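Q: Please choose a single part of this structure and look at it closely. Set it against the whole chain, and explain each term when it is used.

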Amino acid sequence: ALKKHIPFQIELWEAANSDAISIHQINGGIPTCFVGLPIKNPETPNEIGSLADANNVISLISNYFKSL
């Protein structure tokens, strides 16, 4: 993100509802990274997200896999 100038925020969740938590806890712990899109009104029919944020998430993930 820094090299490609992709804006990001780091947030550590102690409790969240994601499959990443289950994966992280399997077999003594599998390293897991959760990348989320900031939205308003989550899990409702009125979810609102930014198209620019969605494009930045796509760019972040695609650049990560290109770097492997």
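A: In the protein chain, 6% of the 68 residues are buried (a residue is buried under 20% relative accessible area, exposed over 50% and partly exposed in between, with a 1.4 Å probe and protein chains only). The model is a predicted one, in which local features need pLDDT of at least 70 and side-chain atom pairs count only at pLDDT 80 or more, whereas totals for chains, interfaces and linings use all residues. Residues are numbered from 1 along each chain as its sequence is written, and side-chain values use heavy atoms, without hydrogens and water.

The setting of the whole chain comes before the close view. The protein chain has two helices and two strands (helices are DSSP runs of H or I with at least four residues, strands are runs of E with at least two, and both are numbered from the N terminus). Read from the N terminus, these elements follow the order α-β-β-α. The radius of gyration of the protein chain is 14 Å, where a compact globule of 68 residues would have one near 11 Å (the value is taken over C-alpha atoms, and the globule rule is 2.2 Å times the number of residues to the power 0.38). Along the principal axes, the C-alpha atoms occupy a box of roughly 35 × 35 × 15 Å. Of the contacts with a separation of 6 or more, 25% join residues that are 24 or more positions apart (a contact means heavy atoms within 4.5 Å).

The part chosen here is the segment before H1, together with the pocket beside Ile6. Ile6 lies in the segment before H1, and Ile6 counts as buried because its relative accessible area is 8%. Apart from residues up to four places away in sequence, Ile6 touches Ala1, Asn56, Ser59, Leu60 and Asn63. One of these partners, Leu60, stands 54 residues from Ile6 along the chain, yet the two C-alpha atoms are separated by 6.8 Å.

Ile6 and Leu60 are also among the residues that line the second largest pocket, along with Ala1, Lys3, Lys4, Asn63, Tyr64 and Ser67. A pocket is an open set of points on a 1 Å grid over the protein atoms alone where a 1.4 Å probe fits, with protein on both sides within 12 Å along at least five of seven lines, and its lining residues have an atom within 4 Å of a point. The second largest pocket holds about 160 Å³ of space (the volume is the space filled by probe spheres set on the points, and points are joined across faces, edges and corners). Its lining comprises four nonpolar, two polar and two charged residues; in this scheme Ala, Val, Leu, Ile, Met, Phe, Trp, Tyr, Cys and Pro are nonpolar, Asp, Glu, Lys and Arg are charged, and the others, Gly among them, are polar.

How do the neighbours of Ile6 in sequence compare with this buried residue? His5 is also placed in the segment before H1, but His5 counts as exposed because its relative accessibility is 69%. The phi of His5 is near 55°, a positive value in a residue other than glycine. Most residues other than glycine have a negative phi. Pro7, likewise in the segment before H1, is exposed, with a relative accessible area of 57%. Between Pro7 and Asp53, which are 46 residues apart along the chain, the C-alpha atoms are separated by 8.6 Å.

The lining residue Tyr64 deserves a further remark. The whole structure contains one aromatic pair. Tyr64 and Phe65 form this pair, which is edge-to-face, with 5.2 Å from centre to centre and 75° between the planes (rings of Phe, Tyr and Trp, the last by its six-membered ring, pair if their centres lie within 6.5 Å; planes under 30 degrees apart are stacked, over 60 edge-to-face and the rest tilted). Tyr64 is partly exposed because its relative accessibility is 48%, while Phe65 is exposed at 54%.

In summary, Ile6 is buried at 8%, whereas His5 is exposed and Pro7 is exposed.
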